Amino acid sequence: MPSVTVSAEGDFLTLTLGTHCLRFHAIWLRDNSSDPETRAPSNGQRLIALRDIPADTKIAEAGLEGGALEVRFLPEDKTISYDLAWLEAHAYDRAQDAAAGWLPAGVEPWDAGLMAAVPTGDFAALEAGGPALDDWLGAVVRYGFAKIVNAPVEEGGLFRVVDLFGHVRETNYGRHFEVRTEVNPTNLAFTGLGLQAHTDNPYRDPVPTIQVLYCLESSAAGGENMVVDGFAAALRLREENEAYFNVLAAHCARFEYAGEEGVCLTSRRPMIDLAPDGELIAVRFNNRSCAAITDVPFDQMALYYAAYRRLGEIIDDTAMEVTFRLNPGEAFVVDNTRVLHARKGYSGEGTRWLQGCYADKDGLRSAYDARRRQKLAEAAE
C-alpha cells in the first residue's frame, strides 16, 4: 500500500509506492500545484511566479486519500491534491545518468542494420492522419529520420510534407531551395559531386532542426541518398576513445558560409553538443562549412584534430550508413541536429532534381506529443 511521511522540518516528504521511496521538496510540490489559482485549467500554464510562493514554504501535513496525495502547506495554509501516477512519472529522486552522452528514453541509435527496415510512410495515409501519422512521427522522434513514398510529383509538394507537423523555416535560400546541377554553383550541394555525410547549415544560430528533401526527377545514374546517425557515431567515438569524445564536446568549432552577396553566416558551437547533465543533444559535422578552429587551447589542438579525424572516419564507415534512392514522388525528413545526410556522386546524363526546405523540430515533437496525449486521454475515458 502507498504511504507518506513528512520530514521533521517539513521541508520534504517521502512517498512510498511499492518498492520505490520517492522524496519531494515542499517548494517543488508547491510550485507544481495544479489548483486553479496556481495553473490555468485550460492550458496548464502557471498563473503565479515563484516570487508569489513564500520562500519558507513547509509541509504541515500530508496524507493519502482516494488514490491522491493531499498536502497542506504553511504559511499559506493551503491544501493541494496530487495524482500519484503524475508524481511517480515526474519523480526526480532517482539515479541520474552519469556517463556523458546519455540519450533519453525513446531515442534509439542505429547503424547500417536499419537498412532492412527504413521507417517509411505512405503520403496519402499520412495526410489522412490516424495511426499511420502517429507511427511516422514516432519514427522520426526515435530514429531521427523517415521516408515518404507515393507523394505527388509536383513542385512545392514538400510544403505538404511540412504541413503534416509544422511550418517552413525561411532562410536566405528562400522558403525552399533547388538541388540540381548548376553552372558555377554558389554551393557544392548544387553539383554532381558526391558529398560527405553532414548536418546542414551549422553556420546558423540556431541551426534549422528539420530538413525535408523531396524528389521530382531522378533519371541520372547514381545520386543515392545516405543517412548516418550522428548520435551513434558520437557514442562509438566515446567507446573507442573517451578523450576524443570529451575534447570535441568541450571545445567549440567555428562554421561559416559567405557564398552569396550580402550573406555572412557564422556560428560557434561544439561538434558534439552535451546538456549540462551530459545528455547528448546535438551533433554538428560539415567539412565544407568548418572555418578555422581557434577556440581550442594549443596543448589540446593535436588531440582535437585527431578526434575530429576519427569522428569523420566513423561517419564515413559504410557500417554506419543507411542508403536508399529517392524516386519521383518520394521524400525524406531528417532531424538536422542528429542525422547526417549525404549523397553519392551522379553522372551528368539524365536529370536529378530535388527540392528542399527547413522546418523546426519543436513543431514535429509538438504534433507527436499532442497526438500521443490525446490517445492516452481517450484510452483513459
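Me: Which residues form one aromatic cluster here?
Reply: In this predicted model, Tyr173, Phe177, Tyr203, Tyr257 and Tyr358 form one aromatic cluster. The structure holds 14 aromatic pairs in total.

Me: Why is the aromatic pair of Tyr305 and Tyr308 called tilted?
Reply: Start with the distance: the ring centres are 6.0 Å from each other, and rings pair if their centres lie within 6.5 Å. Next comes the angle, which is 55° between the planes. Stacked would need planes under 30 degrees apart, and edge-to-face over 60. The angle of 55° fits neither, so the pair is tilted.

Me: Where do Tyr305 and Tyr308 sit in helix α8?
Reply: Both belong to helix α8, residues 298-316. They are three residues apart there, so about one helical turn separates them.

Me: What makes Tyr308 buried or exposed? And Tyr305?
Reply: Tyr308 has 15% relative accessibility. Buried means under 20%, so Tyr308 counts as buried. Tyr305 has 43%, which falls between 20% and the 50% that exposed residues go over. Tyr305 therefore counts as partly exposed.

Me: How do you know that Arg175 lies over the face of Phe159?
Reply: Arg175 is at 4.6 Å from the ring centre of Phe159. The cut-off for a charge over a ring is within 6 Å, together with a limit of 35 degrees from the ring normal. Arg175 is listed as lying over the face of Phe159.

Me: What is notable about phi of Asn150 and of Asn201?
Reply: Most residues other than glycine have a negative phi. Asn150, however, has phi near 60°, a positive value, and Asn201 has phi near 55°, also positive. Asn150 is in the loop between β8 (145-149) and α5 (157-162), whereas Asn201 is in the loop between β11 and β12.

Me: Why is Asn150 called exposed, and what is Asn201 called?
Reply: The relative accessible area of Asn150 is 56%, and exposed means over 50%, so Asn150 is exposed. Asn201 has 4%; with buried meaning under 20%, Asn201 counts as buried.

Me: Where are the cis peptide bonds to Pro75 and Pro206?
Reply: Most peptide bonds are trans. A cis bond joins Leu74 and Pro75, with omega about 10°; Pro75 lies in the loop between β5 (68-74) and β6 (78-83). The bond from Asp205 to Pro206 is cis too, with omega near 5°, and Pro206 is in the loop between β11 (195-198) and β12 (210-218).

Note on methods:
Residues are numbered from 1 along each chain as its sequence is written. This is a predicted model: local features need pLDDT of at least 70, side-chain atom pairs count only at pLDDT 80 or more; totals for chains, interfaces and linings use all residues. Side-chain values use heavy atoms; hydrogens and water are left out. Helices (H or I, at least four residues) and strands (E, at least two) are DSSP runs, numbered from the N terminus. Buried means under 20% relative accessible area, exposed over 50%, partly exposed in between (1.4 Å probe, protein chains only).
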